[in-house]
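Q: Please take a close look at one part of this structure and describe it for someone who has not seen it before. I would like the strands in the middle of the account, and then the ligand.

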Amino acid sequence: MSSAPSIVLVTGCSSGIGYELIKLFEQGHYRIVATALPSSVQELLSRPVAQSEKVSVEPLDVADYAGSTALVRKVEREIGPVDILVNNAGISYRSTVEDMTIEDEQKQLQVNYLGAMHLVRECLPSMRRRRSGRIVNISSVGGMMAMPTMASYSASKFALEGASESLWYELKPWGIHVSLVRPGFINSLAFTKVLFSKKKASGESSQEYDRHYENMKAFVEKIMTRTPCTSTDVARRIYKVCQMKRPPLRAAGTPDAILFYFLRRILPRFLYHKLLYRTLPGVKEWGPNSKA
Ligand SMILES: NC(=O)c1ccc[n+]([C@@H]2O[C@H](COP(=O)([O-])OP(=O)(O)OC[C@H]3O[C@@H](n4cnc5c(N)ncnc54)[C@H](OP(=O)(O)O)[C@@H]3O)[C@@H](O)[C@H]2O)c1
């Protein structure tokens with residue numbers, strides 16, 4: 001007699017990595033709960049993978065903590081306790097620190113960090129009771145190195161990294177695995193979804209940062225459209241981590257993540273920062289006189 005399928009809950013499945021990941025899980029011995037923002041549920045439901053009887057699509061905004069609690073209880077009641085939680089949903093602001101508002105900061109953290117940790121807390125009691133489970137948090141190279149105009153995004157991923165590291169120690173006695181998967185640049189259209197702060201969107205921000213935005217936008221988009229690594233490749237990596245007997249706490253999601261990891265580790269900090277600063281695109285024209 002075959003064992004019951006593992007129940008996996010993946011957030012943010014309407015596109016990109018999450019969507020590719022549920023397609024992989026659907027091929028295996030899993031029962032999948034795929035969440036999508038309420039505004040994207042219909043789109044996900046129209047895809048072939050959503051027709052599978054192994055897949056349940058559920059609306060969820062991870063910043064709606066009560067909604068997350070209700071969803072985990074519903075899954076436990078109707079399908080069973082969550083065996084694998086993949087916190088994949090994420091957003092990214094492109095903004096200098098000065099242009100962010102407190103509301104923007106909160107939104108960034110609610111989706112990428114607070115919402116993910118709330119789901120962890122909701123799934124943990126049953127995992128601990130059963131002395132098994134896996135938590136896979138999708139971090140980023142931005143969670144180990146910060147770049148200009150990405151402060152808030154990096155802060156959210158650094159927070160996720162720190163909390164996951166603590167969790168790794170806390171949960172080891174119960175045999176619950178905690179992993180972070182860190183993608184670097186991916187050939188995807190995710191850059192079209194970057195958010196701008198309220199201040200920037202309303203034209204209240206200072207033009208003195210214009211070069212920061214222009215150069216970083218062109219730089220990120222150029223790399224993202226040229227890199228060979230796709231969302232499917234990252235999803236394969238996450239899927240593999242979910243199946244490992246002894247998954248690592250940190251796993252590179254793309255080959256460039258390995259390179260960045262070693263750059264960060266090997267170079268003395270002062271040299272690393274100096275080097276990175278000098279290689280920032282068009283950095284010589286950044287600054288108050290850039291529009292003169
Ligand atoms: N793309 C990259 O280069 C890259 C690099 C490093 C790390 N990552 C990380 O990888 C993860 C997946 O990103 P991706 O590349 O697949 O980008 P994506 O295509 O934009 O996917 C993000 C998913 O999260 C969903 N989402 C956004 N806000 C949400 C909320 N409040 N509640 C629930 N779901 C929400 C989105 O839904 P909608 O489609 O409905 O908006 C989308 O399905 C993210 O955590 C991201 O930070 C991506």
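A: What follows is a walk through neighbouring strands and then the surroundings of the ligand. The model is a predicted one.

Start with strand β4, residues 84-87. Both of its faces are covered: I84 and V86 are buried on one side, and L85 and N87 are buried on the other.

Strand β4 has a partner in strand β1, which spans residues 6-10. The two strands run parallel and are joined by three bridges. Within this pairing, L85 of β4 stands opposite L9.

Strand β4 also pairs with strand β5, residues 133-138, again in the parallel sense, and here there are four bridges. Two positions can be followed across this pairing: V86 stands opposite V136, and N87 has N137 as its bridge partner. To get from β4 to β5 the chain passes through helix α4, residues 102-130, and this β-α-β crossover is right-handed.

Strand β5 is mostly covered, with six of its six residues buried. On one side these are G133, I135 and N137, and on the other R134, V136 and I138. V136, which stands opposite V86 in β4, has S179 as its bridge partner in β6. Strand β6 covers residues 176-182 and pairs with β5 in the parallel sense over six bridges. Helix α5 belongs to this part too: β5, α5 and β6 make a right-handed β-α-β unit.

Helix α5, residues 151-171, leads to the ligand, as it supplies at least two residues of the shell around it. Helix α1, residues 16-27, likewise supplies at least two. There are 27 residues around the ligand, and S14, S15, I17, S40 and N88 come nearest. By class, the shell holds 13 nonpolar, eleven polar and three charged residues.

Some polar contacts can be named one by one. A nitrogen atom of the ligand is 2.8 Å from an N or O atom in the side chain of D61. A polar backbone atom of V62 lies 2.9 Å from a nitrogen atom of the ligand. For G90, a backbone N or O atom is 3.4 Å from an oxygen atom of the ligand. Taken alone, the ligand exposes 880 Å², and the protein buries 88% of that area.

Methods. Residues are numbered from 1 along each chain as its sequence is written. This is a predicted model: local features need pLDDT of at least 70, side-chain atom pairs count only at pLDDT 80 or more; totals for chains, interfaces and linings use all residues. Side-chain values use heavy atoms; hydrogens and water are left out. Buried means under 20% relative accessible area, exposed over 50%, partly exposed in between (1.4 Å probe, protein chains only). Two strands pair if DSSP finds at least two bridges between them. A crossover is right-handed if, with the strands pointing away from the viewer, the path from the first strand over the helix to the second runs clockwise. A residue is near a molecule or strand if one of its heavy atoms lies within 4 Å of it. A polar contact is a pair of N or O atoms within 3.5 Å; within protein, one must be able to donate a hydrogen and the other to accept it, and residues adjacent in sequence count only if both atoms are side-chain atoms. Accessible areas come from the Shrake-Rupley method with a 1.4 Å probe; for residues, only the protein chains shown count as cover. Ala, Val, Leu, Ile, Met, Phe, Trp, Tyr, Cys and Pro count as nonpolar, Asp, Glu, Lys and Arg as charged, and the others, Gly among them, as polar.
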